[in-house]
Amino acid sequence: MKRVYFLLVFSAIGMNTYAQKTIDQKVTELLSKMTLEEKVGQMVQYSGFEYATGPQQSNSAAVLEEIKKGKVGSMLNVAGSGETKAFQKLAMQSRLKIPLLFGQDVIHGYRTTFPVNLGQAASWDLDMIEKSERIAATEASAYGIHWTFAPMVDIARDPRWGRVMEGSGEDTYLGTKIGLARIKGFQGKGLGSLDAVMACAKHFAAYGAAVGGRDYNAVDMSLRQLHETYLPPFKAAAEAGVATFMNSFNDINGIPATAHQYIQRNLLKGSWNYKGFVVSDWGSIGEMIPHGYAKDGGEAAEKAILGGSDMDMESRVYMTELPKLVKEGTVDIKLVDDAAGRILTKKFEMGLFDDPYRFSNEKRQKEQTDNKKNREFGREFGSKSIVLLKNQQHILPLSKSVKTVALIGPFGKETVANHGFWSIAFKDDTQRIVSQFDGIRNQLDKNSTLLYAKGCNVDDQDRSMFAEAVETAKKADVVIMTLGEGHAMSGEAKSRSNIGFSGVQEDLLKEIAKTGKPVILMINAGRPLIFNWASDHIPAIMYTWWLGTEAGNSIADILFGTMNPSGKLPMSFPRTEGQIPVYYNHYNTGRPAKNNTDRNYVSAYIDLDNDPKYPFGYGLSYTDFQYSDMVLSSASLTGNETLNISVTVSNTGKYDGEEVIQLYIRDLFGKVVRPVKELKGFQKVFIKKGENKQVHFRLTPEDLKFFDDTLNFDWEGGEFDIMVGTSSQNVQTKRINWVK
Ligand code: GLC
C-alpha cells in the first residue's frame with residue numbers, strides 16, 4: 001500500500017511540477033527530445049485534399065505517412081470535428097505525439113458568411129466587425145479549426161488588384177483600426193479558450209502595392225513609404241498580440257518578402273519584438289526559384305529560414321532541404337530551434353498538448369451549424385455595409401406595397417455567389433443563402449407582384465434575353481437592376497485591366513432605362529467598379545458588394561427602409577482605369593489643380609476630371625445630416641497639449657439614421673511633403689430624426705507623427721488644417737498652429 005502511496009505522491013508531484021512549468025520551459029524540454037527531422041517537421045504545413053487554395057501539390061498518401069512520422073506540424077483546408085479528429089489521431093501515432101495545428105481561410109465568416117471584407121470596411125463599424133470575427137471564430141473553432149489566415153491588412157490603392165475585396169481599402173488609419181478589431185474578435189478571451197482561433201496578420205508586406213494592380217507582381221517603393229503607409233497595420237497587429245503572421249508572394253525592392261530579413265527579422269522579430277511565428281504564403285518559399293532569387297530548393301530553404309520564415313506552407317523545401325543544410329553547417333540549428341519553438345509555443349497556448357482533440361467536438365459543431373442569432377447579425381451587418389451612392393428625388397426607400405416590382409439582372413437569383421470570394425462554400429448552402437429575389441419577396445406585400453428576368457449573363461455578349469427583360473420592365477412600376485462583377489471576379493489571382501461592367505450588362509441597363517420606368521441599380525462587387533453611364537443616368541444606385549448568407553434580406557431591409565443606409569466608401573472610385581491610382585491622401589505637388597476641371601499647367605489629365613467618381617468616405621443616407629458649430633479647444637498649442645475638437649451633427653431629415661463623422665488633418669509644411677488629408681479619427685453615431693448630437697475628437701502630437709526621409713518617426717510644429725465632415729471631400733476646416 002505504502003509503495004502505491006509513494007508512487008501516487010511522486011507522480012502527483014511530477015505532474016504538478018510539469019504543470020507548473022512555464023510554456024517556455026515545456027517547449028525547451030520538448031525540443032531537447034526532438035530529432036532534427038522532427039523539429040523541421042513542425043515547420044511543415046500541407047493543404048488538405050478536398051480543395052486547394054493554391055496550385056495543389058499534396059499527395060495525400062505520402063502526407064498521411066509523414067504525419068504519422070511526426071514530420072508535419074500543421075494542415076490547412078482540413079475542417080470538421082470528424083476530419084480534424086482523424087488527422088489528429090495520425091499525429092498521435094508519432095513518437096512524441098505532437099498535435100497538428102489546423103488552419104483555414106476564415107476571411108469573412110465561416111458557416112455564416114458576412115459581407116466581403118471591403119464591404120465590411122464600408123460599414124466603418126468596428127464593433128460590428130469585431131463581433132463578426134467573434135462569430136466566425138466561434139463557428140470555425142466548433143469545426144475543429146485552430147487558426148485563421150486573417151485578417152488581411154494589406155493597404156491597397158489599386159482596384160485592378162482583385163484582393164482589395166478582402167482588405168479594408170486605401171487608408172492606413174482605417175485599415176489599422178479594422179485589423180485590430182478583427183484580431184480582437186478572432187482571439188477573443190485569449191488563445192486556449194474553446195471559441196478562440198489564432199489570427200494571422202497577412203500578407204507581410206506591401207502585397208497591395210503590386211505594380212499595375214497585377215497580383216503577385218513586384219513591389220517597389222521607398223522604405224519611407226513602406227513605413228508610412230503599408231507597415232502600420234502589421235506593427236499594430238504585432239503589438240496587439242496577433243498569434244501569427246503570413247508573408248507575401250511579392251518581392252519588396254527586389255527581395256521576396258519570404259526571405260526579407262529587414263521586415264521579418266530586423267523589424268518584426270527584432271525591433272517589434274514579435275514572439276509568434278511566420279508562415280509562408282502558399283509555396284512562396286519555393287517560388288523564390290521562379291522569382292530568380294534562389295537557384296534551387298536548397299537555396300530557397302536557406303534564404304527563407306535566414307529571412308525569418310518559420311513555417312513552409314506547401315512548398316516542401318523545408319522538409320527536403322533543411323536537415324541537410326543544418327547537418328552541413330550551412331544553417332545554424334538555432335534557427336530551426338527558434339522556428340520550431342515558436343510553433344510549439346502556440347500549440348501549448350492552444351491547449352493542444354493537454355487535449356489534442358479539444359476543438360474537434362461534434363456537439364459544438366452541431367450548435368454552430370446554422371445558428372439563427374448569427375444569421376440575424378449577418379443580416380444587420382450586410383445592411384450596414386451597403387453604400388448609397390445616389391438617390392435622386394428620394395426614389396428610395398420603396399414602399400412595400402408597390403404593385404409590381406421587376407428585378408432584372410444576372411445576380412437576382414444567385415445563392416452561393418453571395419458568399420463572395422474566400423468563403424468555404426458548404427454543399428447545403430444553396431438552400432441556406434437568401435437570394436436577392438427571396439429577400440425582396442420576403443418584404444413585399446403579399447398582394448404585390450415581383451417579376452424577375454435575368455436579362456444577360458455576367459460576362460459574355462449574349463443579348464438574347466434583352467427582349468424578355470425589357471418586356472418584364474414594362475410591366476413593372478419600378479425596376480431594380482442587379483449588375484456588377486461575379487463573386488469570383490474579385491479575390492486572389494483576379495486582377496482586372498477593365499473594371500467596368502463586364503459583358504453586355506451596361507447595354508442591358510440602357511435598354512431598361514429606355515422604358516422610362518424608375519430604375520434602382522444595385523451593384524454587386526468585391527472592388528470599386530467603373531460605371532460612369534449609370535452614375536450619370538440612373539436615379540438611384542446602391543453598392544451591395546457581396547453580403548453573405550443573409551444577402552437578400554440585408555438588401556431588402558435597405559430597399560424598403562427597414563434599415564437606413566449608413567455605409568461610406570473605404571476606397572476612392574476612379575472615373576477610368578487611366579486615373580488609377582487615385583486616392584484621397586495624395587500629395588499636393590507643386591502644381592495642384594485648383595478644382596475638378598482645372599487643366600491649366602497643373603497636375604491633371606487633359607481628358608478627365610480630376611476628382612474620383614466617388615471619393616473615399618462618401619456615402620448617402622435616406623435622411624439628411626447637417627454639421628455645425630465646429631469648435632476647437634485652441635487655435636494655437638504648444639508641445640504635448642491635447643487638441644479637443646467638437647462638432648454638432650443634426651438629423652434634419654425624415655429618418656433615424658447613422659452617420660460616420662470623419663476627422664482629417666493636413667500638415668501644411670514638413671521636412672518631407674505631406675498628404676493633403678490624413679484620416680485621424682471617425683465615429684459612427686446614431687441620431688434620431690429631428691435630434692442632434694455633439695461629437696468629440698481629441699488629437700495629440702502622437703497623431704501628427706510621420707516618417708521622414710531618414711525614417712525618423714516624429715512630429716514637427718507648424719500649421720495644421722483640422723477637418724471634420726461626412727466624406728473626404730465634404731468637410732469643414734479650421735486652421736491651427738502647434739509649436740513643438
Ligand atoms: C493563398 C493566399 C493566402 C491564403 C493561403 C492559404 O494563396 O494568398 O491569403 O491564406 O493561400 O489558403
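How many of the eight residues of helix 9 (residues 223-230) are buried? Seven of them are, so this helix is mostly covered, taking buried to mean under 20% relative accessible area. The legends below walk through this and other close-ups of a predicted model.

**View 1. Helix 9 sits among helices and strands.** The buried residues here are Arg224, Gln225, Leu226, His227, Glu228, Thr229 and Tyr230. If you would like to trace what they pack against, look for helix 8, helix 10 (232-239) and helix 11 (261-271). Two strands also belong to these surroundings, namely strand 7 (251-252) and strand 23 (706-707).

**View 2. The ligand is surrounded by 14 residues.** Thr53, Asp105, Arg163, His203 and Asp281 are the closest of them. Sorted by class, the shell contains seven nonpolar, two polar and five charged residues. For those setting up an interaction list, the next view gives some distances.

**View 3. Oxygen atoms of the ligand meet side chains of the protein.** In the side chain of Arg163, an N or O atom is 2.8 Å from an oxygen atom of the ligand. The side chain of Lys202 also has an N or O atom 2.8 Å from a ligand oxygen. For Glu492, the distance between a side-chain N or O atom and an oxygen atom of the ligand is 3.0 Å. The ligand taken alone exposes 310 Å², and the protein buries 100% of that area.

**View 4. Val153 is a buried loop residue.** Find this valine in the loop that links strand 4 (147-148) to helix 8 (172-187). Val153 has a relative accessible area of 5%, which is under the 20% cut-off, so the residue counts as buried. Leaving aside residues up to four places away in sequence, Val153 touches Gly179, Lys202, Pro233 and Phe234. Lys202 is also one of the residues with a side-chain N or O atom 2.8 Å from a ligand oxygen. From C-alpha to C-alpha, Val153 and Ala205 are 9.2 Å apart in space, with their positions 52 residues apart in sequence.

**View 5. Five strands make an open, parallel sheet.** Reading across, the order is 4-3-2-1-10. Strand 4 and strand 10 (312-313) are the edges, each pairing on one side only. Further in, strand 2 (residues 74-76) and strand 3 (residues 101-104) run parallel and share three bridges. One place to look is Met75, whose bridge partner in strand 3 is Phe102.

**View 6. Strand 1 (residues 44-47) is covered on both faces.** Val44 and Tyr46 lie on one side, Gln45 and Ser47 on the other, and all are buried. Three bridges connect strand 1 with strand 2 in the parallel sense, and Tyr46 has Met75 as its bridge partner in strand 2. Strand 1 also pairs with strand 10, again parallel, over two bridges. Here Val44 stands opposite Asp312 of strand 10.

**View 7. Ser141 is a buried residue of helix 7.** The helix spans residues 126-142. With a relative accessible area of 0%, Ser141 falls under the 20% cut-off and therefore counts as buried. What does Ser141 touch, not counting residues up to four places away in sequence? Its contacts are Leu194, Asp195, Ala196, Val197, Phe359 and Arg364.

Notes: Residues are numbered from 1 along each chain as its sequence is written. This is a predicted model: local features need pLDDT of at least 70, side-chain atom pairs count only at pLDDT 80 or more; totals for chains, interfaces and linings use all residues. Side-chain values use heavy atoms; hydrogens and water are left out. A residue is near a molecule or strand if one of its heavy atoms lies within 4 Å of it. A polar contact is a pair of N or O atoms within 3.5 Å; within protein, one must be able to donate a hydrogen and the other to accept it, and residues adjacent in sequence count only if both atoms are side-chain atoms. Accessible areas come from the Shrake-Rupley method with a 1.4 Å probe; for residues, only the protein chains shown count as cover. Ala, Val, Leu, Ile, Met, Phe, Trp, Tyr, Cys and Pro count as nonpolar, Asp, Glu, Lys and Arg as charged, and the others, Gly among them, as polar. Helices (H or I, at least four residues) and strands (E, at least two) are DSSP runs, numbered from the N terminus. Buried means under 20% relative accessible area, exposed over 50%, partly exposed in between (1.4 Å probe, protein chains only). Contact means heavy atoms within 4.5 Å. Two strands pair if DSSP finds at least two bridges between them.
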